[in-house]
Amino acid sequence: KHLREPEAISYYQEELLPLADFFTPNLPETEMLLKRTIKTKEERVAAAREFALQYKGIVYIKGGHDEFSADDLLFCQGQPIWILGERIASGNTHGTGCTLSSAIACGLAAGLAPEESARKAKSYLAGAILDWMDLGKGNGPLNHMYRLNGTNLA
């Protein structure tokens, strides 16, 4: 189920993606944009390489939708770099992908190298999930301000 019309996807691919330097698709988004299924780590590396060549930038494929792990793949300067993560059993994961992408962007804006920014962002995200902020019903939010409450979980 996609929330975008096919015309919007074409516009996104042809007009918006070429303007970016750093891409943070999740696995389903990567599969949709490359029109292929990605199951193995080898297929993820090949997809990241293709994505980087096609759109001329750094690719960070978020692995939160992987059923076996929460490992992410940074593909930078032709090299795959795995950023490992443990799957955290939490019902409070709404916005994890956006949070991770934003945290990476903040690190890059602060002058960090792509790998350091990605690793710090992944650690920050884990802490925000582990804080177990439990609000509302359904898939709840992360605690983006967990570091302010004195528990430095990550």
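**Cores and fold of a predicted chain**

Mentor: This is a predicted model. The protein chain exposes about 9200 Å², and carbon and sulfur atoms supply 56% of that area.

Trainee: What pattern does the protein chain follow along the sequence?

Mentor: The order is α-β-α-α-β-β-β-α-α. That comes from five helices and four strands.

Trainee: What makes a residue count as buried, and what percentage of the protein chain does?

Mentor: The cut-off is under 20% relative accessible area. Of the 154 residues, 38% count as buried.

Trainee: Why is the set with Leu17 and Phe23 called a nonpolar core?

Mentor: A nonpolar core needs buried residues of listed nonpolar types, joined through side-chain atoms within 4.5 Å. Leu17, Phe23, Ala48, Phe51 and Val59 belong to such a set, so the name applies. This largest core has 18 residues, and those five touch the most other members.

Trainee: Which elements each supply at least two residues of this core?

Mentor: Helix H2 (27-34), helix H3 (41-55), strand E2 (58-61) and strand E3 (72-76) do. H3 gives the largest share, six residues.

Trainee: How do you know that Leu17 touches Phe51?

Mentor: Contact means heavy atoms within 4.5 Å, so the pair meets that cut-off. Leu17 also touches Tyr12, Phe23, Leu33 and Tyr55, leaving out residues up to four places away in sequence.

Trainee: Which residues are in the other core?

Mentor: Among its 17 residues are Phe22, Ile104, Tyr124 and Tyr146. That core lies apart from the largest one.

Trainee: What share of contacts joins residues at least 24 apart?

Mentor: The share is 53%, counted among contacts between residues at least 6 apart in sequence.

Key
Residues are numbered from 1 along each chain as its sequence is written. This is a predicted model: local features need pLDDT of at least 70, side-chain atom pairs count only at pLDDT 80 or more; totals for chains, interfaces and linings use all residues. Side-chain values use heavy atoms; hydrogens and water are left out. Buried means under 20% relative accessible area, exposed over 50%, partly exposed in between (1.4 Å probe, protein chains only). Accessible areas come from the Shrake-Rupley method with a 1.4 Å probe; for residues, only the protein chains shown count as cover.
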